[in-house]
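Reader: I should be grateful for a close look at the salt bridges of this model. Please describe the partners, their exposure to solvent, and the relation between the chains in one connected account.

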Number of protein chains: 2
Amino acid sequence: MLEKTPTAVAARWLESFSAALALGDISADAELFLEESYWRDLLTFTWNIETMEGRNAIVAMLEAMLAGTRPRDWRVKGEAESDGAVIEAWFTFETEVARGEGILRLREGRCWTIFTAMTELKGFEEKTGPTRPLGLKHKAERNRETWLEARRREKKEMGHTRQPYCLVIGGGQGGIALGARLKQIGVPAIVVEKNARAGDSWRNRYRSLVLHDPVWYDHMPYVPFPDHWPVFTPKDKMGDWLEMYAKVMELDYWTSTACIAASWEDEEKVWTVEVEREGERITLKPKALVFATGAYGPLRRIEVPGAADFRGEILHSSDYSDGRKYAGKRVAVIGSASSGHDVSVDLWEAGADVTMVQRSPTTVVRSDTLIELAFDIYSEAAVKRGITTDIADMIVASTPFALLPEGQRELYGTIRTRDADFYERLGASGFALDFGDDETGLMMKAYRTGSGYYIDVGACELIMNGDIKVKSGVEIASFTPAGLRFEEGEELAADAVVFCTGYHSMHEVVAQIVSREVADRIGPCWGLGSGVRGDPGPWQGEPRNMWKPTAQEALWFHGGNLALSRFYSKYVALQLKARMEGLATPVYRSPKRNDGPGTVGPHQEERA
Amino acid sequence: MLEKTPTAVAARWLESFSAALALGDISADAELFLEESYWRDLLTFTWNIETMEGRNAIVAMLEAMLAGTRPRDWRVKGEAESDGAVIEAWFTFETEVARGEGILRLREGRCWTIFTAMTELKGFEEKTGPTRPLGLKHKAERNRETWLEARRREKKEMGHTRQPYCLVIGGGQGGIALGARLKQIGVPAIVVEKNARAGDSWRNRYRSLVLHDPVWYDHMPYVPFPDHWPVFTPKDKMGDWLEMYAKVMELDYWTSTACIAASWEDEEKVWTVEVEREGERITLKPKALVFATGAYGPLRRIEVPGAADFRGEILHSSDYSDGRKYAGKRVAVIGSASSGHDVSVDLWEAGADVTMVQRSPTTVVRSDTLIELAFDIYSEAAVKRGITTDIADMIVASTPFALLPEGQRELYGTIRTRDADFYERLGASGFALDFGDDETGLMMKAYRTGSGYYIDVGACELIMNGDIKVKSGVEIASFTPAGLRFEEGEELAADAVVFCTGYHSMHEVVAQIVSREVADRIGPCWGLGSGVRGDPGPWQGEPRNMWKPTAQEALWFHGGNLALSRFYSKYVALQLKARMEGLATPVYRSPKRNDGPGTVGPHQEERA
């Protein structure tokens, strides 16, 4: 008997799957899945971003959603691949209202993971490539409106005589990427940004900031960085790119605009939003409100008594921009994650005497190592192999969050062996290292709590050779007039104290703008419910509240680093477009369990 | 005997060619060429843009240049193709100082055409893709200069404490594309632009202007238009793109800067250039001066007596921006090429009573027809077949100018049959049509004289139905107080007269800025020496003076439409880089003949 190719095996599986779906025979479908199997869906079946974990959860979803979805035309795309144990295949399919794409992984002929993602809504496809606009009418016409006149009119009308369907609060990479997607899919939107220029959210950061992620991971949608773009983009260059991008994409982007208050009118199904644009109060009436105010919410400061007695300067990292005024001065940096390290380096480079105060252990990875081992599908080599950023995004998205820790633990095992000398030296300097409660390292910390890690681009050498001093495992008792006192009684003299203590959850911005009641009903953003400190259960299987329907109708969150902003902006835009066009968008939510497969630890406390 | 594949035939030819070149056996090489054969070279053998026409010319070039060039490593690239008569193959090769690429066409085993183009200078390759800059130093460093600080310092120094190697006069698409190439190849340059913003050369044109060429033909280098970009770009959108582009490419781009005077100091080998930047006089000392002041030179007006008596308004098309002030007025448009048509349409759309005065016949092609038949390799379909804009540029460049008329005549035969009804109706309206002295149509007119054609995007329908009146085959005798009088005595009443009579040659700008003597020594730009009216012989085989060394050391011309600006900017940049780095750049010039293969007609008058 001839052995079947991986593609033939995948095609056969899809055929059986498809046939059973078409018949509504869910129990036959269930037989095609392993008991421990995962279905991650972006909108196609669930109108949600949801992972069904286990065969029973998959069956429950299909029972609820199959009839309305009417999936069809499942086809293997390209050639499937096999590593012996797992066959991996890309596929396309359709539903009643959309086209979709996905990635399937089979083990012993049955489905281990399946990922389904909406590509486009039928009848509402983006106009691109062969369907791009013509740009002119090939016919003379009295009183023709030129492109410039149309743009000027639109700018004048939008938000005044014509209401946007969607208001995006925050014009960093998240708001801009979403604004671009909405523009291309035909959802009228305004992006409001408190700063004076697009890109200022980057420009206003500390002077030496450079992106820690490489360029292949950072592309915006539609207009990728050119091939000569540096691997790591300096903050001001990033700011300029975003400013150009917002203009070229023709966004209705309101600078110097603060969002003051918003309230939902449930009967009319409309928001009333007060904004202040260059000093002028304007009331907007969007049907949807997206918070894209940054990956995090308001500044988090830790309470330290005695601040009033301190004779020096106290500031938060977000107010820190340039170390040069601290030359020759003693500065205490509170916090040992990314901003703590970057600010410490900036201060040292400017000639300050720096002490980093480390209150809890930090995950550190050398940038070179991370780029080589963790960004292999976002690299020049990947591009050469045909793995574009869009393909890499799908590959990343195809792995259920519950399965990430295993691979990450393995990766960090490799990293720790490879950089053993580095970690030994860093540990010997007094710096407290960790790799997370379950040894899964940086990325899991990022998804779970968004804190507690540093990609080393130079600070560690300064710590190891003593140029940056570290005070580790201490709690700060109070300020003194001359500096800080620790709980053990020791004192640290300082002319300035910089709090690199991060930010609160994005939902705190909702509390400020909408109401505490709505913010509490929605709950925090980010975190997976893994059970580690700062990310209490129940297990969610997906980041909380991000890019998907929340407990408040027509209120959305969008954001993340450049990569997440790029990828998920597509799905936020599709959800908004479907609602604007009046399509049925029944949202499915999988039941959550405290002992989900991605839960870790003992920290089941409720999040503050 | 097995038939050889086209690739094998091409490889065999290259091998023989290469072997003879390596031995310096030029007579053996000569045997490999048909007697009627062409070698078009961009810099690799000739340090010039030159076409050797005929075997003898090829032999003469090799005798002069082979020893210094030291070509080697000729390899077929990809698969060759054959249409039965002609085998076409791409190849790569190297010289002593550069890498090159080309396209070869064989007939009966011998070379009919060969095209060689420099790809990059060894040791001076652009930093792109895998060699892109890192963007940061992974090491802390005292007083580190950030990207922003470095850019600010460079901007402050450039032209003041540090001289550019190259000064580019004119910041339209030509100057910007060249500025970007120079930046990427490491040639310090300043681009000066008289307008207030990059892109104003487009914004300042008449309000309804939209590019007549399609997007696939119009990409700038490095940052292509995104896939949703319209097929035909409106002028203000183009302006915004260029402004963004100049910023993102980090050009030293001086706006509101006029170039007043320039003189060459032959002993020091340096230019002294006076510019006025926002009112401030600055003296620059570049080693090279590039005129990129637009495809054309100063405005051309025709002398019409009696202008002082005319009670209406007289203006040149470059001063015309908006027809709305002419609503209800009678306007005479002098000229029947592109700007004459566009201005007439704009006036009609605004409600003016328009008469186009046609002094000589015009080549007209319907836009749809041209896009379909003449832009087949710059199209969405071509992109799908793998023919990117860069590949299409090479294909276009691989055909010697002498061979263009034959293909163009065939194309226009097809066009005239296809659009016979259209041409019949247009002719019947009184409009005088032609297809050039040798029936070769629009593109040959563009290369030969840059005038006398219109791509129809709506004007013709207005002419055919009488909405735009045409006065054809007339000479204007004089203005009258109320309008114009023609030689036959007839009068035309007009409230305004718009001269759409084009521009003088670019070398007139040299006369204004450098000197009449230098301008005359250099001679006109553009034109092929085809012998048609406005393009006197001798036959050049290449556009005059464009993108290559001129009769004045260190004085260059760059420009053309977006496509020419994109493609040839690369070769201008390579020539400047080689000179800056002190490489030997001996320039070879093929002898010119009045009876060259591209000459046409009886008009052998010297150009004015």
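**Salt bridges and chain symmetry**

Author: In this predicted model, Glu88(B) has a relative accessible area of 28% and is therefore partly exposed. Its salt-bridge partner is Arg105(B), with 2.9 Å between the closest N and O atoms. The two residues belong to distant parts of the chain, 17 residues apart: Glu88(B) lies in strand E4 (residues 86-94) of chain B, and Arg105(B) lies in strand E5 (residues 98-107) of chain B. Arg105(B) has a relative accessible area of 8% and is buried, because buried means under 20% relative accessible area. This bridge thus has a partly exposed acid, Glu88(B), and a buried base, Arg105(B).

A further salt bridge joins Arg324(B) to Glu149(A), and its closest N and O atoms are 2.9 Å apart. This pair crosses between chains: Arg324(B) is in the loop between strand E14 (313-316) and strand E15 (330-334) of chain B, while Glu149(A) is in helix H4 (residues 147-157) of chain A. Arg324(B) is partly exposed, at a relative accessible area of 44%. Glu149(A), by contrast, has 19% relative accessibility and counts as buried, since the limit for that class is under 20%.

In chain A, the side chains of Glu94(A) and Arg99(A) form a salt bridge at 3.9 Å, N to O. That distance satisfies the criterion because the nitrogen need only be within 4 Å of a carboxyl oxygen. Glu94(A) is partly exposed at 22% relative accessibility, and Arg99(A) is also partly exposed, at 27%.

Glu94(A) and Arg99(A) also belong to a network, joined by salt bridges that share partners, with Glu120(A), Lys122(A) and Glu125(A). Over all chains, a search of the whole structure finds 110 salt bridges.

The relation between the chains completes the account. Chain B is superposed on chain A by a rotation of 180° with 0.0 Å of shift along its axis, and the RMSD is 0.0 Å. This is the relation of a two-fold axis. Among the residues of chain B, Met244(B) comes closest to that rotation axis, its C-alpha lying at 2.8 Å. Of the interface residues of chain B, 100% are also interface residues in chain A, so the copies meet through the same surface.

Notes
Residues numbered from 1 in each chain as written. Chains lettered and ligands numbered in written order. Predicted model: local features only at pLDDT ≥ 70, side-chain atom pairs only at ≥ 80, totals over all residues. Heavy atoms only, no water. Buried < 20%, exposed > 50% of the residue type's maximum accessible area, 1.4 Å probe, protein only. Helix = DSSP H or I, 4+ residues; strand = E, 2+ residues; numbered from the N terminus. Least-squares fit on C-alpha atoms with pLDDT ≥ 70 in both. Contact = heavy atoms within 4.5 Å.
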